[in-house]
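User: I would like a close look at a single part of this model, explained for someone in their first year.

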Amino acid sequence: FSRYFAIGTGNWGSLGNIQVNNRNVPVQDCRSGVCFDGWLYYNGYIPANRVNSTAANGVPNGVMGVPTSYTPSSQPVFPTPATPNPADPNARFYETNTVFVRLNNGAMQQTTLNTNLHPWRNQFLPAPWVFTLNSSLFKAIPITERVIARLNVDFFNILNNPGLQVPDSNTGILLTRFSNNTPRNLQLTLRLTW
């Protein structure tokens with residue numbers, strides 16, 4: 001069946017075009033220290049310093065396989081640059097939606113930009129389709145003229161289809177690490193009617 005997921009609305013910086021890649025751009029998410037296979041389902045926000053990045057020892061520590069033409073569809077007011085500089089006076093604001101508002105008395109007030117009316121609120125993208133198949137078998141066994149035993153065997157997700165999860169609404173990454181569906185289950189029932 002078809003399903004949809006909400007686009008991330010946490011970034012208030014520049015908003016661009018959303019490009020849905022489906023499962024055409026394979027990537028590996030190595031940000032946790034372990035690489036997990038997946039796809040760049042749509043061009044969500046990946047910090048520039050984590051796009052195809054490696055640590056000093058050459059070990060991947062970002063999202064690997066992101067195309068050079070990648071442009072995030074949204075980003076925070078202060079996105080992290082590709083080569084962060086700790087001496088940058090704005091470094092403490094990286095990955096935030098911090099803004100400064102001049103008050104009537106001329107003082108500057110620091111606050112977080114959020115109007116609660118993001119342009120992408122209530123906007124959805126189609127997620128990968130998912131399906132499962134359930135089946136049931138039963139046999140009625142007459143014991144006497146008025147007493148009947150009924151044996152049911154119910155199979156849930158009989159094809160054992162794992163299914164894909166919904167992509168991350170912020171990064172646009174669809175990982176294959178976990179299944180969407182539960183594994184095949186079998187349920188036995190014995191019913192006695194009289």
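Is C30 buried or exposed, and what can be said about the link that C30 forms with C35?

Analyst: This is a predicted model, in which local features need pLDDT of at least 70 and side-chain atom pairs count only at pLDDT 80 or more, while totals for chains, interfaces and linings use all residues. Residues are numbered from 1 along each chain as its sequence is written, and side-chain values use heavy atoms, with hydrogens and water left out.

C30 counts as buried, because its relative accessibility is 0%, where buried means under 20% relative accessible area, exposed means over 50%, and partly exposed lies in between, with a 1.4 Å probe and protein chains only. Its partner C35, at 32% relative accessibility, counts as partly exposed, so the disulfide joins a buried residue to a partly exposed one. The sulfur atoms of C30 and C35 are 2.0 Å apart, which fits the definition of a disulfide as a pair of cysteine sulfur atoms within 2.5 Å. The link of C30 and C35 is right-handed, with 115° about the S-S bond, and a search of the whole structure finds one disulfide.

For other buried residues, one can turn to the largest nonpolar core, which has nine residues, among them F5, I7, Y42 and W120; such a core is a set of buried Ala, Val, Leu, Ile, Met, Phe, Trp, Tyr and Cys residues joined through side-chain atoms within 4.5 Å. A second, separate core of eight residues includes V27, L40, V63 and I173.
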